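Visitor: Could you walk me through this structure, one question at a time?
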Amino acid sequence: MNKKIQQPSGTLYIFSAPSGAGKTSLVNALLESTEGIKVSVSHATRDMRQGEKNGVHYHFVSIDEFEKMVERGDFIEHAKVFDNHYGTSQSALETQLAQGSDVILEIDWQGAQQVRKLMPECVSVFILPPSRKELEIRLKGRGQDSDEIIARRMQDAISEMSHYAEFDYLIINDDFDQALLELRSIVLAQRQRLIRLASINAEMITELLKES
């Protein structure tokens with residue numbers, strides 16, 4: 001059984017959104033514009049897509065291997081999405097956070113619930129599209145899925161979006177640049193929290209307050 005993670009040096013961020021809301025594009029832009037933050041690489045049982053690399057986009061594993069990892073309690077969270085299984089390694093996550101990196105988990109609401117129980121100090125952000133019509137346009141614009149799959153993704157998106165109120169922050173991805181600015185503002189504000197800066201700068205603060 002997983003145990004609660006101790007307060008780390010880095011901050012854990014949960015980013016959730018329905019498929020087509022633009023989460024991946026926002027995360028990539030955030031990584032390019034903000035130092036000291038990285039994405040946790042999840043395990044997945046789905047087939048590798050063209051252009052993807054094992055260990056970079058996902059750790060691709062068989063269903064049998066995934067189930068064994070579940071039995072060992074290797075995952076801090078795991079869920080079944082679109083007939084495939086996804087999970088986040090707890091040991092890998094702890095290592096990244098202990099090294100002082102801010103880490104992003106791109107997971108659905110089910111995974112977010114699991115992580116919050118083990119690490120209540122994490123920061124969660126939900127990203128919404130501006131409308132259902134725009135969401136459908138974005139899904140069709142990918143040119144990857146059939147009408148049947150898009151219809152299913154739309155239904156799943158409605159279910160996913162119904163959990164937005166469980167998160168700490170909400171971003172509406174209508175204007176991409178504005179959404180990115182809001183996302184960066186959340187990260188930068190977290191880095192200025194007293195509990196974090198006081199720990200990082202303990203020696204300097206002690207020197208400042210020392211009686212002459």
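Visitor: Is Arg-132 buried or exposed?
Guide: This is a predicted model, where local features need pLDDT of at least 70, side-chain atom pairs count only at pLDDT 80 or more, and totals for chains, interfaces and linings use all residues. Residues are numbered from 1 along each chain as its sequence is written, and side-chain values use heavy atoms, with hydrogens and water left out. Buried means under 20% relative accessible area, exposed over 50%, and partly exposed in between, with a 1.4 Å probe and protein chains only. Because its relative accessibility is 53%, Arg-132 counts as exposed.

Visitor: Leaving aside neighbours within four places in sequence, which residues is Arg-132 in contact with?
Guide: Arg-132 belongs to helix α5, residues 132-141; helices (H or I, at least four residues) and strands (E, at least two) are DSSP runs, numbered from the N terminus. Contact means heavy atoms within 4.5 Å. Ile-158 is 26 residues away along the chain, with 8.8 Å between the two C-alpha atoms. Once neighbours within four places are set aside, the contacts of Arg-132 are Met-154 and Ile-158.

Visitor: Which strands are at the edges of the open sheet?
Guide: Two strands pair if DSSP finds at least two bridges between them. The open sheet has five strands with parallel pairing, in the order β2-β7-β1-β8-β9. The strands that pair on one side only are β2 (37-39) and β9 (169-172).

Visitor: Which residue in β9 does Phe-126 stand opposite?
Guide: Strand β8, residues 123-128, pairs with β9 in the parallel sense, over four bridges. Across from Phe-126, in β9, stands Leu-170.

Visitor: At about what angle does helix α7 run to β9?
Guide: Axes are lines fitted to C-alpha atoms, for helices over the stretch in contact, and angles run from 0 to 180 degrees between N-to-C directions. Helix α7 (residues 176-191) lies across β1, β2, β7, β8 and β9. Its angle to β9 is about 160°.

Visitor: Which element gives the most to the lining of the largest pocket?
Guide: On a 1 Å grid over the protein atoms alone, a pocket is an open set of points where a 1.4 Å probe fits, with protein on both sides within 12 Å along at least five of seven lines; lining residues have an atom within 4 Å of a point. The largest pocket is lined by 49 residues, and those closest to its centre include Lys-23 and Tyr-58. Elements that each supply at least two lining residues include α1 (23-33) and α6 (147-161). With eight residues, the element giving the most is α6.
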